[in-house]
Amino acid sequence: MSDQFLFVDRVAKRFGGLKAVGGDNGLSFAVTKGSFVGLIGPNGAGKSTLFNLISGFLKPTSGRVVLEGRDLSTCPSSEIASLGIGRTFQTPRAFHSLSTLDNVLVGSDNIGENLVSVLNGGWRSADAALKQKALDISARVGLKDRMSASVSKLSGGELRMLEVARQLMRSPRILLLDEPTAGVTPSFQVKLKNLLVDLNKEGVTLVVVEHNLRFLLEIADSVVVLQNGQLLSQGSPAQVRADPKVVAAYLGADNAA
Ligand code: ADP
Ligand code: MG
């Protein structure tokens, strides 16, 4: 398909004897360019492992991840980020010795070998344009007033936004978000929802893992459901909600359409 963007092609990942993703035949699904995909499934279904496989933090035991025809399975993860794949972590990551602004700046792809100097507080000399970009992105995600604050002072929602801001420094073409609303207040969830909808309108392809189905099914245009590392269902939010396999295995009667 010409609009096929990201293709998970018979991917399997084993940890010792555990088949975390892919079962016997591997997991396959495609993400269309510009789409907003919700990735759901019970705890342990393999969602975070799948993100690690797509972003190159882990290599598949078998199968491939292909971005616009390029096999990522053989690329180092640093190179994968420069191809335009950004990702956040289920547990937000921050450099606690750095200010909020510096934590955003470290997402820049210009940083390269300067990382050590950044960690030593070397961002005083950061390029002005880069700093402005970090300030603009931070304002966009609602962190404008927190720029000089230590990250230890940030709320759960602010830490999630910081992770997104750091990824936006590289202007990703596809952004993988792992449980972005976990530990986030309702007002931050609204901010996050608006941000994701806007990014998607601007052309960023999104794949979002969420337990908060109300949040996700309202904004995703398609949904992939994993169970035991395998594809249980795939389709529009309405199709997935109505799929008896999904209702039985995951959504439960309360969430059925
Ligand atoms: P999810 O994000 O859907 O909750 P995960 O991808 O975190 O699921 O985990 C899928 C399965 O793989 C789980 O059984 C988990 O314990 C296991 N797993 C994940 N990462 C590792 C690892 N690094 N080593 C061993 N087992 C792992
Ligand atoms: Mg997970």
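1. Let me start with Gln90, a residue worth a look in this predicted model. Gln90 is partly exposed, with a relative accessible area of 35%. Its side-chain atom OE1 takes part in coordinating the magnesium ion, ligand 2, and the other residue named there is Ser48, through OG; the distance is 2.1 Å. Ser48 belongs to helix α1, whereas Gln90 sits in the loop between β7 (85–87) and α3 (100–105), so the pair ties together parts that are 42 residues apart in sequence. Ser48 is partly exposed too, at a relative accessible area of 22%.

2. Ser48 also leads us to ligand 1. A polar backbone atom of Ser48 is 2.9 Å from an oxygen atom of ligand 1. Two glycines make similar approaches: a backbone N or O atom of Gly44 lies 2.7 Å from an oxygen atom of the ligand, and for a backbone N or O atom of Gly46 the distance is 2.9 Å. On its own, ligand 1 has 560 Å² of accessible area, and the protein covers 59% of that.

3. Which elements give two or more residues to the shell around ligand 1? They are β2 (18–21) and α1 (47–54). Helix α1 gives the most, with three residues. If you would like to walk around the ligand in your viewer, the residues to display are Phe15, Leu18, Ala20, Pro42, Asn43, Gly44, Ala45, Gly46, Lys47, Ser48 and Thr49. Sorted by class, this shell holds five nonpolar, five polar and one charged residues.

4. Helix α1 deserves a point of its own. Seven of its eight residues are buried, so α1 is largely enclosed by the rest of the structure. The buried ones are Lys47, Thr49, Leu50, Phe51, Asn52, Leu53 and Ile54. Ser48, by contrast, is partly exposed at 22%, a value that is not under the 20% needed to count as buried. Lys47 and Thr49, both among the buried residues of the helix, are also found around ligand 1. Just after the helix, Gly56 takes a positive phi of about 85°.

5. On confidence, the overall figures are easy to state: the protein has a mean pLDDT of 88, and 89% of its residues reach 70 or more. Where is confidence lowest, and where is it highest? The lowest mean, 60, belongs to helix α4 (residues 115–119), and the highest, 98, to strand β9 (residues 205–209). I would keep the value for α4 in view when reading that part of the model.

6. Strand β9 brings in Val207, which lies within it. Val207 is buried, with a relative accessible area of 4%. Its C-alpha atom is separated by 6.7 Å from that of Leu39, a residue 168 positions away along the chain. Leu217 offers another pairing across the sequence: this residue is placed in helix α8 (residues 213–219) and counts as buried at 11% relative accessibility. The C-alpha atoms of Leu217 and Val37 are 9.5 Å apart, with their positions 180 residues apart along the chain.

7. Is Asp243 buried or exposed? Asp243 is buried, with a relative accessible area of 14%. You will find Asp243 in the loop between α9 (237–242) and α10 (244–251). The side chain of Asp243 is joined to that of Ser233 by a polar contact of 2.7 Å.

8. Asn194 gives a view of helix α7 (residues 186–201), where this residue lies. At 44% relative accessibility, Asn194 counts as partly exposed. The C-alpha atoms of Asn194 and Ile219 are separated by 9.4 Å, and the two residues are 25 apart along the chain.

9. Finally, two backbone angles to check. Arg10 has a positive phi of about 50° although it is not a glycine, and this residue is found in strand β1 (residues 4–15). Ser171, not a glycine either, has a positive phi of about 45°. The setting of Ser171 is the loop between α6 (156–168) and β8 (174–178), where Ser171 counts as partly exposed at 47% relative accessibility.

How values were computed: Residues numbered from 1 in each chain as written. Chains lettered and ligands numbered in written order. Predicted model: local features only at pLDDT ≥ 70, side-chain atom pairs only at ≥ 80, totals over all residues. Heavy atoms only, no water. Near = heavy atom within 4 Å. Polar contact = N/O pair within 3.5 Å; in protein donor to acceptor, adjacent residues only side chain to side chain. Areas by Shrake-Rupley, 256 points an atom, 1.4 Å probe, with all protein chains shown as cover. Helix = DSSP H or I, 4+ residues; strand = E, 2+ residues; numbered from the N terminus. Nonpolar A, V, L, I, M, F, W, Y, C, P; charged D, E, K, R; others polar. Donors = N, O, S within 2.8 Å, 3.2 Å for Na, K, Ca; no water. Buried < 20%, exposed > 50% of the residue type's maximum accessible area, 1.4 Å probe, protein only. pLDDT = per-residue confidence, 0-100.
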